[in-house]
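Subject: Structure handover and findings

Hello,

Here is the structure to take over from me. My notes on it follow below.

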Amino acid sequence: MKIKQALLALIITPTILFNYAHAGGHDSTPENYIGVGFSSMGSNVSGSTELNLSSLSVMLGRQINDNFSVETRVASGIKEDGNRKLKRLYGLYLKAGIPMSENFYPYAILGYSKASIKSSSSSVVVKSKSDTSMGLGFDLLVSDSFDIEVEYMKYIQSGDLKVGGLSFSFSRDF
């Protein structure tokens, strides 16, 4: 039930904000962006020792106004640890922040993710879970259309699977 409520909130909130931004409630122009990132993640599967996993991700988002954006991400593991590897991670997120200057934008992020950890020797999925995700980060504007992003995110914190870590991303407006 919590998953359905989180998904409903993720669908309704951006719609309301999008309509607010286009009804003259905010004078910034919505922008789309695309990016790539690298994550160094810790994972714990079924109470086993901590795994150190790495992934590459692709993100696609839309800046609704100065304070909100909606983003989707897809990640795939590039490094295994202890015969385990992140098979995939994907999700939908709402970012809320306050521009502190023209170049610095701290934010909180909330969303919904699904992650799968696999055995690297047999490609069998060991554990797959979905959960509400949350994190904190900041964007540094390098040019008019290019950002660098640093973020800490807890993607999955559900029972016997925990996935979270630090990410570095680059994004470009289009």
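I began with the charged pairs. A search of the whole structure, which is a predicted model, finds six salt bridges. Some of them join up: Glu71, Arg73, Lys95, Asp139, Glu149 and Glu151 are linked in a network of salt bridges.

Within that network, Glu71 pairs with Arg73, and their closest N and O atoms are 2.5 Å apart. Are these two residues buried or exposed? Glu71 has a relative accessibility of 0%, and because buried means under 20% relative accessible area, Glu71 counts as buried. Arg73, at 5% relative accessibility, counts as buried as well.

Lys95 takes part in two of the bridges I looked at in detail. One is with Asp139, where the N to O distance is 3.8 Å. This pair links distant parts of the chain: Lys95 sits in strand 4 (residues 84-97) and Asp139 in strand 6 (residues 125-143), 44 residues apart. Both Lys95 and Asp139 are buried.

The other is with Glu149, where the closest N and O atoms are 2.8 Å apart. Glu149 lies in strand 7 and Lys95 in strand 4, so this bridge ties together parts that are 54 residues apart in sequence. As for cover, Lys95 has a relative accessible area of 2%, while Glu149 has one of 5% and is also buried.

Next, the overall layout. The protein chain contains one helix and eight strands. In sequence order the pattern is α-β-β-β-β-β-β-β-β, with the helix ahead of the strands. The chain has 174 residues, and buried residues make up 40% of them. Of the contacts with a separation of 6 or more, 55% are between residues 24 or more positions apart. The accessible surface of the chain comes to about 9,200 Å², and carbon and sulfur atoms account for 61% of that area.

Then the internal space. How many cavities of 30 Å³ or more does the structure hold? The search gives one. The space in the largest cavity is about 110 Å³. Its lining consists of 14 residues, and those nearest the centre of the cavity are Ser39, Ser57, Arg73, Tyr155 and Ser167. Arg73 therefore appears in two places in these notes: in the lining of the largest cavity, and, as a buried residue, in the salt bridge with Glu71.

Which strands each supply at least two residues of that lining? They are strand 1 (31-45), strand 2 (51-63), strand 3 (68-79), strand 7 (146-158) and strand 8 (161-173). By residue type, the lining divides into six nonpolar, five polar and three charged residues.

One last residue, Ser54, is placed in strand 2, which is among the strands that contribute to the cavity lining. Ser54 has a relative accessible area of 8% and is buried. Leaving aside residues up to four places away in sequence, Ser54 touches Phe38, Ser39, Ser76, Gly77, Ile78 and Lys79. Of these, Ser39 is one of the residues that lie nearest the centre of the largest cavity.

Regards

Definitions and conventions:
Residues are numbered from 1 along each chain as its sequence is written. This is a predicted model: local features need pLDDT of at least 70, side-chain atom pairs count only at pLDDT 80 or more; totals for chains, interfaces and linings use all residues. Side-chain values use heavy atoms; hydrogens and water are left out. Helices (H or I, at least four residues) and strands (E, at least two) are DSSP runs, numbered from the N terminus. Buried means under 20% relative accessible area, exposed over 50%, partly exposed in between (1.4 Å probe, protein chains only). Contact means heavy atoms within 4.5 Å. Accessible areas come from the Shrake-Rupley method with a 1.4 Å probe; for residues, only the protein chains shown count as cover. On a 1 Å grid over the protein atoms alone, a cavity is a set of points where a 1.4 Å probe fits but cannot get out, and a pocket is an open set with protein on both sides within 12 Å along at least five of seven lines; lining residues have an atom within 4 Å of a point. Grid points are joined across faces, edges and corners, and a volume is the space filled by probe spheres set on the points. Ala, Val, Leu, Ile, Met, Phe, Trp, Tyr, Cys and Pro count as nonpolar, Asp, Glu, Lys and Arg as charged, and the others, Gly among them, as polar. A salt bridge is a side-chain nitrogen of Lys or Arg within 4 Å of a carboxyl oxygen of Asp or Glu.
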